[in-house]
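Colleague: I would like to learn how to read a model like this one, feature by feature. Could we begin with a single strand and work outwards?

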Amino acid sequence: MRQRVGRGKVTRNRSKVTRDKDVGQVEVSGDDRSGGKAGIVIPRALTVKQLADILGVSGIEVIKHLMRNGIMANVNQVIDFDSAAVIAADLGYEVREEPQASDAGDERHRFTEEDSAEQQPRPPAVTIMGHVDHGKTKLLDAIRETNVADTEAGNITQHIGAYQVEVHGQKITFLDTPGHEAFTAMRARGARVTDIAILVVAADDGVMPQTVEAIDHAKAAEVPIVVAINKIDKPEANPERVKQQLADKNLLIEEWGGDIVCVSVSAKRGDGISELLENLLIVAEVQELRANPTRPAIGAVVEASLDSSKGSLATILVQTGTLKIGDNVVVGETSGKIKAMFDDKGKRVRKAGPSMPVEILGLNSVPLAGDLLAVVGSEKEARVEALRRQRERGGRSPLRVARLSNLYSQIQTGQVRDLSIVLKTDVQGSLEPIRSSLERLGSDEVKVRIVHSDIGNITENDVMLAIASKGVIIGFNTRPEPGAKLLADSEGIDIRSYQVIYKLVEDVEKALAGLLEPTYEEVVEGHAEVRAVFSVKQGKIAGAYVTDGKLSRGGQAKVIRSGEVIHESTVSSLRHFKENVREMAAGFECGIGIEDLSGFEIGDIIEAYRTEKVA
């Protein structure tokens, strides 16, 4: 019996379809012993035409079989293994899936260690962060103005969300991101696009809540911070107070004996801009930023949009390799072929090297900011890889993040070396005592790191920060907002809420020591409505109709009367007419006995459930 599952995918009871991990290429094996046709090996994704060639039939024949299974496809469309296996089985073939080598362009593919001999110095990529109205945009404008002499006459038009400036013959790439939330969202998706973060603080306003958030986000991403104290031209400017406030937030500048570069600037007058740029080059030199320009390009999406005339546009920051016109690329869950590229001034370019931002045309759909781009060998390979990622999107396992319930085992296996915590409380008075109590729990094996602490509800921004830092969220007398809860569930982020401080600290301490009791949740399996009551030797039996799901003998059950649970126990007996049965599905009537229940009433609801350990 066939059944359509989702779009572009069919499954069936494939007793003959097997997967053999020992076969490394598409090939035809010998006839099977049952007298059927030969066995074949099919890759996890292929075009309709390729499947037709493997099966030795026409493309039209394959399309007909796909249509019978509810899939509309042309000969060049890519289908997945499950759909291909059904068609092959229909034609009498034994089917096995081709084992996969390491995936080309995998999102977690890193590149720094594999071609060190060919690496050359590359420009730093810089993001500007800070509190609203502290002069981030003005500072970007001032930096651009200082480079007018190096460009065409007239104003510089920023065509894309990133641009390069030149200082003493060396380039610096600036990323114009909308804020630290976007910065962290990109980091959470694995895009390490930023080498240095400029923290802009207004000299007249000082450190503000968003300044603290920006500091926490930069620290969580382990990005060096350069402080720019802006608006020093204003009469009420007080840079020394700003330095003291930064020190209070554990950001100690060089002048005060720390290691944070701090430059006083006036974006309005242009004071200190040259000094700031020179310091950025020094920080970059210490980092020894290098990349291999000769290899196939890997980059990250800075921003993306859909243009009514041009189609999908994406601003790419090339991280290593050189991106060229005509390259086949996979970008997140989409793919394409580079048709055109434009630099930050709107000028057409044919290639882009490491740390160069370009806007590209040619993608099949709009990617997400933070998606990684990788050049692959062919258009088919790009389509197959994009399809694989689309298929795995729904069932993708969560990122390897710390969870209190299994923290000890992660520590023992070396997966976790520090516990990153996003802490939210209801009032300021609770924040510092909880923070200091948690930070004291660290040991040689694992350190407790508070990446961000604030008052108020747990927001999506908090979850994004936990994703980026692979941490947990702890709330004290505060709750997650609905959107934050959904995002945390989908990404596997652990949110713990407490009303008692000692219980909060105790749980974290137990987690570090591996003593935390596992948590369990109830999973409802089905419901039955009581429509009659019978007396037997063993007590009262309910004549019930299973309205949804199923009920199982020996399973846990609740009896609900007028909306309230009146009894919790197990299903002691389950009969269908005179026959004892193990379970009863929706749409059937049955007799049900509940352990230790004195009596039923007509209209009672029996809810069957099971308890599962929360992973």
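Modeller: Let us start with strand E9 (125-130), where helices (H or I, at least four residues) and strands (E, at least two) are DSSP runs numbered from the N terminus. Six of the six residues of E9 are buried, so this strand is largely enclosed by the rest of the structure; buried means under 20% relative accessible area, exposed over 50%, and partly exposed in between, with a 1.4 Å probe and protein chains only. This is a predicted model, in which local features need pLDDT of at least 70 and side-chain atom pairs count only at pLDDT 80 or more, while totals for chains, interfaces and linings use all residues. Residues are numbered from 1 along each chain as its sequence is written, and side-chain values use heavy atoms, with hydrogens and water left out.

Colleague: Which residues point one way from E9, and which the other way?

Modeller: Ala125, Thr127 and Met129 point one way, whereas Val126, Ile128 and Gly130 point the other way, and all are buried.

Colleague: In which sense does E9 pair with E11, and over how many bridges?

Modeller: Two strands pair if DSSP finds at least two bridges between them. E9 and E11 pair in the parallel sense over three bridges, and Thr127 stands opposite Leu175 in E11. E9 also runs parallel to E12, to which five bridges join it, and there Met129 has Leu199 as its bridge partner.

Colleague: How should I read a nonpolar core, and which residues touch the most other members of the largest one?

Modeller: A nonpolar core is a set of buried Ala, Val, Leu, Ile, Met, Phe, Trp, Tyr and Cys residues joined through side-chain atoms within 4.5 Å. The largest here has 28 residues, of which Leu139, Ile172, Phe174, Ile198 and Leu280 touch the most other members. Among the elements that each supply at least two residues of this core are E9, helix H4 (136-145), strand E11 (170-175), strand E12 (196-202) and helix H8 (273-287), and the largest share, seven residues, comes from H8. Apart from this core lies another, of 21 residues, among them Leu66, Ala73, Ile79 and Ala85.

Colleague: What is Phe174 in contact with, leaving aside its neighbours within four places in sequence?

Modeller: Contact means heavy atoms within 4.5 Å. The partners of Phe174, with those neighbours left aside, include Val126, Ile128, Leu140, Ile198, Leu277 and Leu280.

Colleague: At what angle do the axes of helices H6 and H12 cross?

Modeller: Axes are lines fitted to C-alpha atoms, for helices over the stretch in contact, and angles run from 0 to 180 degrees between N-to-C directions. The axes of H6 (residues 209-220) and H12 (residues 460-469) come within 9 Å and cross at roughly 25 degrees. The two helices are therefore roughly parallel to each other, since angles under 35 degrees count as roughly parallel, over 145 as roughly antiparallel, 65 to 115 as roughly perpendicular and the rest as oblique. Glu213, Asp216, His217 and Ala220 in H6 meet Asn461, Leu465 and Ser469 in H12.

Colleague: What is the strand order in the open sheet of four strands?

Modeller: The order is E26-E25-E27-E28, with parallel pairing, and the edge strands, E26 (447-455) and E28 (495-498), each pair on one side only. E27 (residues 472-476) and E28 pair over four bridges, with Ile473 opposite Ile495 in E28. Helix H11 (residues 428-439) packs on this sheet, touching E25 (418-425), E26 and E27, and its direction makes about 175 degrees with that of E26.
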